[in-house]
Amino acid sequence: LAAAEKDAAAKKQALADVRETQKRLPADPTASPTGAGETPPFLVDNFDIPNPQIWRLIGGKWQYKDGHLLQQEVVKEHRSVSTQSTHPRDFTATFRFRIIGGDTFHSVGLAFDYLDDAQCDGVYLSAYAIDSKLQVFHGRDGAKTYPQSARVGMPVESGTEHVLRVDARDRLLNVWVDGRLRLAYSLPHERREGRFALWTFDSAAEFLGVRVDPLPETALLVD
């Protein structure tokens, strides 16, 4: 019992340390959320102009309009933009977006270790009317799994800007939504090299901005 209490206290302190660090960082949405040093970012895009040297569009109805990237095809399939190159193994990614339509699930998120829409790990928000949530999923061997331990029920509103952030160190993920740490989760499988992607599922969305940095060794994560 004493050991369990000590472990719980350590995790509580780690969470407090992470949140205190966040308070000291600038609010600039183009700045690294972990206060990365001089290492250049892997990716920064505000979607004001097309960047074919960065992105590959995969299906969907895409349009650059009013300084944003719109995905307007609502189908129960992924509609994705994938980077042309592989991302850092340990990374911090911040994605700003707005859900603007959909049929049922209204899901928008990011994917990493991405080979294709069926072979990747992903994190997303769903504005599903009866089950809005944050969720991590795994795509392996042509099938997707949605662990209950990687789900957080929470309000997700259409028409509102949301900020989804994922810090990844090896298999450990810390997931933030709108500036609040919502989930600490360990992947159940080994990582693999892959690309970075943004996507919709059964949703129309505005992509407002994304930044991906190598995760500094000094960055604090909660396990």
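Let's start inside the fold: a polar atom of the Asn174 side chain sits 2.7 Å from the backbone oxygen of Val222. Keep in mind as we go that this is a predicted model. Asn174 belongs to strand β12, which covers residues 172–177. Because its relative accessible area is 0%, under the 20% cut-off, Asn174 counts as buried. What does Asn174 contact, once neighbours within four places in sequence are left aside? The partners are Arg165, Val166, Asp167, Leu181, Leu183, Ala184, Leu221 and Val222. Val222 thus appears both in this list and as the owner of the backbone oxygen we began with.

From here, step back to the whole protein. One helix and 14 strands make up its list of secondary-structure elements. Of the 223 residues, 46% are buried, and Asn174 is one of the buried residues. Among contacts with a separation of 6 or more, 65% link residues 24 or more positions apart. On the outside, the protein exposes about 10,700 Å², and carbon and sulfur atoms supply 50% of that area.

Next, look at Glu161, in strand β11 (residues 161–169). Is Glu161 buried or partly exposed? Its relative accessibility is 34%, between the 20% and 50% limits, so Glu161 is partly exposed. The Glu161 side chain makes a polar contact with the side chain of Arg96, at 3.2 Å. Not counting residues up to four places away in sequence, Glu161 touches Arg96, and also Phe97, Arg98, Asp178 and Leu208. Glu206 lies 45 residues from Glu161 in sequence, with 9.0 Å between their C-alpha atoms.

For an exposed position, turn to Gln148, found in the loop between β9 (143–145) and β10 (151–153). Gln148 counts as exposed because its relative accessibility, 61%, is over 50%. Its C-alpha atom is 8.5 Å from that of Gln135, a residue 13 positions away along the chain.

Our last stop is the second largest pocket, which holds about 170 Å³ of space. Which residues lie nearest the centre of this pocket? They are Phe105, Ser107, Tyr124, Tyr146 and Phe201, out of 13 lining residues. Sorted by class, the lining has seven nonpolar residues, along with three polar and three charged ones. Four strands each supply at least two residues of the lining: β6 (91–116), β7 (119–126), β8 (133–140) and β14 (195–214).

Methods: Residues are numbered from 1 along each chain as its sequence is written. This is a predicted model: local features need pLDDT of at least 70, side-chain atom pairs count only at pLDDT 80 or more; totals for chains, interfaces and linings use all residues. Side-chain values use heavy atoms; hydrogens and water are left out. On a 1 Å grid over the protein atoms alone, a cavity is a set of points where a 1.4 Å probe fits but cannot get out, and a pocket is an open set with protein on both sides within 12 Å along at least five of seven lines; lining residues have an atom within 4 Å of a point. Grid points are joined across faces, edges and corners, and a volume is the space filled by probe spheres set on the points. Ala, Val, Leu, Ile, Met, Phe, Trp, Tyr, Cys and Pro count as nonpolar, Asp, Glu, Lys and Arg as charged, and the others, Gly among them, as polar. Buried means under 20% relative accessible area, exposed over 50%, partly exposed in between (1.4 Å probe, protein chains only). Contact means heavy atoms within 4.5 Å. Accessible areas come from the Shrake-Rupley method with a 1.4 Å probe; for residues, only the protein chains shown count as cover. A polar contact is a pair of N or O atoms within 3.5 Å; within protein, one must be able to donate a hydrogen and the other to accept it, and residues adjacent in sequence count only if both atoms are side-chain atoms.
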